[in-house]
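Here is a short briefing on one protein model. Look over the sequence and the fold, then read the points by topic.

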Amino acid sequence: YPPMRDALNSTGRQIFYSLCEWGQDDPALWAGKVGNSWRTTDDIQDTWKSMTDIADKNNKWASYAGPGGWNDPDMLEVGNGGMTFAEYRAHFSIWALMKAPLLIGCDVRNMTSETIEILSNKEVIQVNQDPLGVQGRRILGQGKGGCREVWAGPLSGNRLAVALWNRCSETVNITMTLPAVGLDGSSAYSVRDLWKHETLPANVVGTFGAQVDVHDCKMYIFTPAVSFSASW
């Protein structure tokens, strides 16, 4: 990889250098000095099990990602037909939160309206492209096997992206305290729902939760109602 890096740099052009050795030698530990992204896992398959397993494996390396160098959990399977709409929405949400390269892996000539709805969600894409460049991570799991999950990651402007991910086999309520995700429990926050494209009518203080359908994911941005820095 270093000789290719040097050859690309010698062109004088800006080139994104993506490394792939399927995570076999823990590239997050060394690839930041060589390339701009590195695969952290085996190839993804268009199944719920593969997608969730890869999300968990990529999460392990969250602290090693940042501007100029990203963990790559492989391409998006959204639109290939092996998962439900809810599962694909969760897939896209978590990949965006993890600051993964968002590489469309379906046939763009034959995308359904549902696939386009997911892949073109500008608010979710903005989380992925946020200039702060901090990879979101799994914060906590609740219930049997920890299947009611809360993922979160800081954004520029003292904002926080939060995903409530239901990996259970039934519809569940997922709740969290604001301090659990690094926010001030006594301060008020405006909350934006990124899939409904609407801001909640009332500010949130102390705790937050929502009902989430089977294998679905709800995604939000928390913005302080007054100036405050999250403890990340």
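Ser-37 has Trp-70 of β3 as its bridge partner. That pair belongs to the contact between strand β2 (residues 37-39) and β3, which run parallel and are joined by three bridges. The model is predicted.

**The parallel sheet**

- β1, β2 and β3 form an open sheet of three strands, in the order β1-β2-β3, with parallel pairing.
- Its edge strands are β1 (18-19) and β3 (70-72), each of which pairs on one side only.

**Two domains**

- The domain assignment splits the protein into domain 1 (1-129) and domain 2 (137-224).
- Their C-alpha centres lie 22 Å apart.
- At the boundary, 23 residues of domain 1 are in contact with 21 residues of domain 2.
- About 2000 Å² is buried between domain 1 and domain 2, and 66% of it is on carbon and sulfur atoms.

**Nonpolar cores**

- The largest nonpolar core has 32 residues. Those touching the most other members are Phe-92, Ile-94, Trp-95, Val-127, Trp-151 and Trp-165.
- At least two residues of this core come from each of α2 (48-59), α3 (85-97), α4 (113-119), α5 (122-128), β5 (148-155), β6 (159-166) and β12 (217-224).
- α3 gives the largest share, seven residues.
- This core takes at least three residues from each of domain 1 and domain 2.
- Another core, of 21 residues, lies apart from it and includes Val-150, Val-162, Val-172 and Val-181.

**Helix α3**

- How far apart are the end C-alpha atoms of α3? They are 18 Å apart, which agrees with the 18 Å expected for 13 residues at 1.5 Å a residue.
- Twelve of the 13 residues of α3 are buried, so the rest of the structure largely encloses this helix.
- The buried residues run through Ala-86, Glu-87, Tyr-88, Arg-89, Ala-90, His-91, Phe-92, Ser-93, Ile-94, Trp-95, Ala-96 and Leu-97. Charged side chains are thus listed beside nonpolar ones, including Glu-87 and Arg-89.
- The cover over these buried residues includes α2, α4, α5, β5, β6 and β12.
- Just after α3, Lys-99 adopts a positive phi of about 60 degrees.

**Val-150 in strand β5**

- Val-150 sits in strand β5. Is this residue buried or exposed? Val-150 is buried, because its relative accessible area is 0%, and buried means under 20%.
- Beyond its neighbours within four places in sequence, Val-150 is in contact with Arg-137, Arg-138, Ile-139, Leu-140, Val-162, Ala-163, Leu-164, Ile-174, Thr-175, Met-176 and Val-181.
- Among these contacts, Val-162 and Val-181 also belong to the core of 21 residues that holds Val-150.
- From Val-150 to Pro-224 there are 74 residues in sequence and 19 Å in space, C-alpha to C-alpha.

**Strands β7 and β11**

- In a regular strand, side chains alternate between the two faces of the sheet.
- Strand β7 (residues 172-177) has Val-172, Ile-174 and Met-176 on a covered face. Its uncovered face carries Asn-173, Thr-175 and Thr-177.
- β7 pairs with strand β11 (residues 207-212) in the antiparallel sense, over six bridges.
- Within that pairing, Asn-173 has Gln-211 of β11 as its bridge partner.

Terms used: Residues numbered from 1 in each chain as written. Predicted model: local features only at pLDDT ≥ 70, side-chain atom pairs only at ≥ 80, totals over all residues. Heavy atoms only, no water. Core = buried A, V, L, I, M, F, W, Y, C linked by side-chain atoms within 4.5 Å. Buried < 20%, exposed > 50% of the residue type's maximum accessible area, 1.4 Å probe, protein only. Helix = DSSP H or I, 4+ residues; strand = E, 2+ residues; numbered from the N terminus. Domains from an automatic or database assignment. Expected span 1.5 Å × (residues − 1). Contact = heavy atoms within 4.5 Å. Pairing = 2+ DSSP bridges. Buried area = accessible area lost by both parts, 1.4 Å probe.
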